[in-house]
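Student: I have a structure open and would like to learn how to read its contacts and helices. Could you walk me through it?

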Amino acid sequence: MAHWPLLSVLIWLPIVGAVLVLALGRDARVARWLSLLVALLTFVASLPLYIGYEAVAGGMQFAESHLWIGGLKAYYGLAVDGISVALIVLTTFTSVLVIIGSWGPINKRVSQYMAAMLVLEGMLIGIFAATDALLFYVFFEAMLIPMFIIIGVWGGPRRVYATLKFFIYTFLGSIFMLIALIYLHMKTGEFSLAAFAAAPLSATEQAWLFFGFLAGFAIKVPMWPVHTWLPDAHVEAPTGGSVILAAIMLKVGGYGFIRFSLPITPDASQEYAWVVIAMSLVAVVYIGYVALVQDDMKKLVAYSSVAHMAFVTLGIFISLALVREHANPDAARLGMQGAMVQMISHGFVSGAMFACIGVLYDRLHTRMIDEYGGVMNVMPWFGGFFILFSMANCGLPGTSGFVGEFMVILASFQSNPFIALVAAFTLIIGAAYTLWLVKRVIFGEVTNPKVAKFKDLDAREWIVLGSFAAAVLALGIYPKPLTDLMDSSVLQIVNALMLSKA
Amino acid sequence: MMLDKSILLTIVLAPLFGALVAGLFGKRIGRVASHSVTIAGVALSCVLSILVLYKLVWGGAEVFNQNIYTWFEVGSTSAHVGFLIDRLTAMMMVVVTFVSLMVHVYTIGYMAEDDGYERFFSYIALFTFSMLMLVMSNNFLQLFFGWEAVGLVSYLLIGFWYKRPTAIFANMKAFIVNRVGDFGFLLGIAGVLLWFGGSLDYAAVFAHAQDPSLDMASRSVELIAGHPWQVATIVCICLFIGAMGKSAQVPLHVWLPDSMEGPTPISALIHAATMVTAGIFMVARMSPLFELSETALTFVLVIGATTALFTGLIGVVQNDIKRVVAYSTLSQLGYMTVALGVSAYSAGVFHLMTHAFFKALLFLGAGSVIIAMHHEQDMRHMGGLRKYMPITWITMWIGSLALAGAPGFAGFFSKDAIIEAVGESHRLGAGYAYFCVLAGVFITALYSFRLLYMTFHGKQRFVVDPVKHHHGHEDPEHHAPGHLAHAPHESPWVVTVPLVLLAIPSIVIGFLTIGPMLFGDYFGNAIFVREANNVIGELGHGFHGALAMILHGFSQPPFWIALAGFIVATWIWLFNPRIADKAENALRPLHAVLANKYWFDNLYQAVFARGGIRFGRGLWRGSDATLIDGAINGSASLVDQVSALLRRLQSGYLYHYAFAMILGLILLLGGSWWVLTRIAA
């Protein structure tokens, strides 16, 4: 394995594939098959990463490093730990399903759509594999471009507003991050994350850097109160765009907190952890109530994403509090693992929810809840899947949605039972908005005559929803392989948190 | 001797297998195959559960406590899937699988004309799996899994007829109200992990709780500075909030009456015999924790007593046959909870068991009546059914006698034990509880016999006119109330056989088991009671066998109170039905209170449902759209305005640019000169 640059292959295979798809994909069928082939190959290529990663040893593996911009001492540096492996496999898995899912609904400029998806996949893998901050930043910004195109070209009627909002919002955040990175470069003379983490920084420096990172990543996650771009982006995005956005792009924010904020500014992170924790708790309650009153399915699920991602930020920063203030590294590991499991699970669950909405949208071309009703009568299989994913969204044990939230709540309780109390409110409000959606869309008599003509899932939709369902159940019934994969990496991060830099 | 792990796995997995086959392939393999595979699975579980019970009680098998697999392991925190099989568990397994088997068989008849036949079998088998996971668990994680899984199946089954607006409202309500309980339950589990030794396994937690050197009873924590709270109290009240949701205790009881929207077999299985008793089972299982906190037990006691009396009262004014039984279930769950509250856990569990048999019987009997009446559930349109359906009639009498606590019947033993235990207890609130449970005896007799008289006795209050109606079982609105297409008749054998098989234990099970279960060593270490709280032990001194207890029963207040209830009910509903209407008029305010169920539903609907929606709208429109997006769009338009100003500079006239350049140059040079002179000075 050592001589085979697996990570580079994973990044560039879909991007080169995208070029091929553009070149050869005049015929929509060719474009579809070719892009599926590329995505499948990438997925298969990501399996050796999972199998070959030595979880017990932990640390960074599969490293590659080449000087990239000599003057800046910027490297093309790639390596992965357990956390990155999990996120990369999530990316390659979801990408395959997104490409299959887009076969039917996307009819214009097929090759370009597929190419954009593949480029996006490559960029995302790059983000999760980069060990050099500049390289990370390049991927981080570059991934906006294919997403911008996907929403802007194949999106809904208000796509221009949505894309601008999406782009400006996220770009604004990353500017602050860029300033932070430039400062760190001036300080250390290089761009490697390891050097950044090792650099001694005063409390004031850390505070400025922390808020620089916070601006970049909080918008990405997105955290309350900078979440308002997400519902608009989702509503206008085509199904595939929404799935990728929810399942993977949001994870970049959480990943950023773990890779940048915690190791580079641990003391400031501790000092301002309460800010992030408070924002997360507000998100759970506030966003829960906002989700309850949405008339648009996609907006509802988008808001529910914000509420669920709050468990990621809560888990990350509660573990900091646990390490620093309660000297309880065990619970800290639980919180951090919970955050990570929640990221992976949310990838499956929200991806599946958006895929389900896409299935409905393809039939009726509306996302308005009150146009539906009684779908169970005409699409029993779909109804079954929808209920399963809804239950995962409510965090029912036995589905993946439970695992992360359970761990984060257990860990939060050890820091402060009142934090756990507010977080656990998701059990009630999450069930309320999700089941009310199910009641109005799936159950009841068919009232809309167009719904009465619905056909149940076709084979292609079956594959997509069935794969998501398998993942949701597998992770819910037996999460140990995932937690084992990430365990030593999480331990390293938690151990690093104990060291002060100031 | 050890129990065989593979037997235990088979007990759990056989119903799951049946559920998956019937659920995924039901339409393809057909009705007979679907019900065969699920019934075979549950029957296998039932037989093996009886075998396990036999081995534990008579075969000298040791308590089984093993993990099956590790769910996750992070640092010192680990979660497993595993089984703890002691006599408490074994009893629950037998009750669950036996009642489930009866309900499976009964369903063949009850759902015969329903399109969702296969789906129904899949759900009830899945329920059996979930409930077994719950009772067989050896740790809090799996307990919570089973807890939520039975909630899910309950949700699916209440909404089984998903076209009915009332059904899909009821199932959503049930799930959300249960989630309120689970919210407390989850926090309780988190508290257990934090304060009781960092483990989720029962054995380790209980060992920690009972370790005298740790003295957990006096351990307290200041969650709010200056207010030390006993940790056991916090944990137990949180856990009990979970039980209040699942076992429908006031004020979280509101979902259970509405759950009657589901088909009757599941009302019997889930909402009477098994799932709703999960809370009782859980508290009994956690007795080593609850014993630490006097405060928590008082809380349990008061909630239980309130539920026992006040929900029973509502039952007296209901006209829907299933709702009467439902309110009776609420009231009986209150009795069980009262028993837990006075540390008489074994009495609570004992009542759980007897109740499972006679209440399942009553529900299935009610279902049999409903089939005969072509899905008419209003007792005002029944009457005189005894001559049409003798088996249902007699078994319903047996069930009602057991429920009312007629001496010798199963319910007599368990309810009397609870009442006496409350009388024996000195716990704060025991006086109030004693009043509630005694008054409840009168109420129980009143609604039980009212149901029997209105349904089976007296004048026939329906008309049989075959010409006018086609009959469609699916749709109750289809019929004019009180009109039947053809005369009611006794249900088929798949319905009556389960009735008979449940009637037998409803008569004898109390007599046979009270000795060992309450006053013997049946539960062993499964239930822990501190010596000072041991009211059952006190009662045991006066216990001289079941027969003596029956004879003794005739001289006790509960018997006379129940008899009074029976006489009043007979006098009114058998002989003078007019009096009921007169009483209703005379006591109009009281009737309004009961008919409106103390306005709990209205209150919750107004505050939590409508209030929540209003709150959400306010946040969305007020905060998200106006404040946050206002700021974002505002800053965007600010940029727009600034750039509009800047754009004016780019006028395109050369002399403007030239002027600007000269101005800039002057400023730059002047500024530099100014700065440099300062530095030089």
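Tutor: Gladly! Two residues are in contact if their C-beta atoms, placed from the backbone, lie within 7 Å. This is a predicted model, where local features need pLDDT of at least 70, side-chain atom pairs count only at pLDDT 80 or more, and totals for chains, interfaces and linings use all residues. Residues are numbered from 1 along each chain as its sequence is written, with chains lettered from A and ligands numbered from 1 in the order in which they are written.

Student: How many residues does each chain bring to the contact?

Tutor: Chain A brings 40 residues and chain B brings 43. Helices (H or I, at least four residues) and strands (E, at least two) are DSSP runs, numbered from the N terminus. On the side of chain B that touches chain A, α5(B) gives the most, with 15 residues.

Student: How do I read a single helix, say α15 of chain A?

Tutor: Compare lengths: the expected span is 1.5 Å times one less than the number of residues. For the 36 residues of α15(A) (329–364) that is 52 Å, and the end C-alpha atoms lie 51 Å apart, which agrees. After α15(A) comes A:H365, with a positive phi near 55°.

Student: And a pair of helices?

Tutor: Two packed helices are described by the angle between their axes and the distance between the axes. Axes are lines fitted to C-alpha atoms, for helices over the stretch in contact, with angles from 0 to 180 degrees between N-to-C directions. In chain B, α14 (345–372) and α15 (390–404) pack at about 145°, axes 9 Å apart. Among the residues that meet are B:G365 of α14(B) and B:G399 of α15(B).
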